[in-house]
Amino acid sequence: MLSKLKSTTFLAILACLLWSTAFVGIKIGLEYTTPMQFAGTRFFLSGLMILPLVASWKRLWRDLKKHFPVFLKIAFFQTFVLYTLFYQGINLVEGATTAIIIGSQPLFTALVAHVTMKNDLLTMRKFRTIAIGIIGIVLVALEKGLSFSGNTLFGQLAGIGMLILANVASGYGNVLVSKQSSLNISPVGLSSVQLIIGGAALFLVSLLVEQPFSGFSFEWPYYASLFWLSFLSAAAFSLWFTLLNRPGVKVSDLNIWKFIIPVFGAFFSWLIIPDEAPSVLQISGMLFIGLSLVLYNFQNQKKQV
């Protein structure tokens, strides 16, 4: 039983389950403040939450002095670039388009891994598995219809481009975390420091491009959502970085589990947000996502036999 709880599959599902609750938390928090300020504060607090869990402060300080460019590079792509592009992109593109692009992240991660890692090539079997998952994402997203917030064609294309680049940044960040495993850097320490650096950078940029403290009243729902989002990011990123450092775990294989994030996200929305209810299209999409994960696990079992 204990071995199953420590398995890559269980921990990957747990991390994705945590991330899926972010949709509701972000929706609540953004009623009280601006996107980049909220994201910066969230990730900075997440990094601070992880610090007490670092096994050896002496080792973390040694790793920081020896490999600080690694910490900085991962913080830049995995937190700062990813969430800057994400929050700016969703302001230009909304509804189904955003969900489809962000939901197809496993494909972009697989492509980035294919180009940057010799032992993680995009095979036809893996591509078919990802394609079935993306079909599911499309079906789930289409329920709300394609919309572009009334922006111009240039604005729509710019937003789509930003969301695609956010996916690429996320994939490259995952590759960087996986590659640094040979440096023997603590995954928990790496997760903590990169979140603190990335969160602080997001917050400082928000002071230049937003007005985060103008016209907002920070009431208890804001603090509740901020605390929960900070906690889930701390837990999910720590788990994910640990899994990326495990021997034999491939970046593209691990990211296939992210297909379940919109599924769990929809369930939480139905439970918490009023007037949200499942539709035939959404249920059909979830079945496709489930099929892609079943095929993925079946292929993995065949390899192990």
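In which helix is Leu-45 found? Leu-45 lies in helix H4, residues 35-50, where helices are DSSP runs of H or I with at least four residues, numbered from the N terminus.

Before continuing, I note that this is a predicted model, in which local features need pLDDT of at least 70, side-chain atom pairs count only at pLDDT 80 or more, and totals for chains, interfaces and linings use all residues. Residues are numbered from 1 along each chain as its sequence is written, and side-chain values use heavy atoms, with hydrogens and water left out.

Leu-45 has a relative accessible area of 31% and is therefore partly exposed, a class between buried, under 20%, and exposed, over 50%, with a 1.4 Å probe and protein chains only.

Let us turn to Ser-20. This residue belongs to helix H2, residues 8-20. Ser-20 counts as buried because its relative accessibility is 0%. Its side chain reaches the backbone oxygen of Leu-17 at 2.6 Å. Not counting residues up to four places away in sequence, Ser-20 touches Ile-261, Phe-264, Gly-265 and Phe-268, contact meaning heavy atoms within 4.5 Å.

Next, the interior. The largest nonpolar core has 77 residues; such a core is a set of buried Ala, Val, Leu, Ile, Met, Phe, Trp, Tyr and Cys residues joined through side-chain atoms within 4.5 Å. Helix H11, residues 220-244, gives the most to this core, with twelve residues. Trp-19, Tyr-83 and Trp-240 have the most contacts inside the core. Leaving aside neighbours within four places in sequence, Trp-240 is in contact with eight residues' worth of partners that include Ala-12, Trp-19, Asn-174 and Lys-258.

Terms used:
Helices (H or I, at least four residues) and strands (E, at least two) are DSSP runs, numbered from the N terminus. A polar contact is a pair of N or O atoms within 3.5 Å; within protein, one must be able to donate a hydrogen and the other to accept it, and residues adjacent in sequence count only if both atoms are side-chain atoms.
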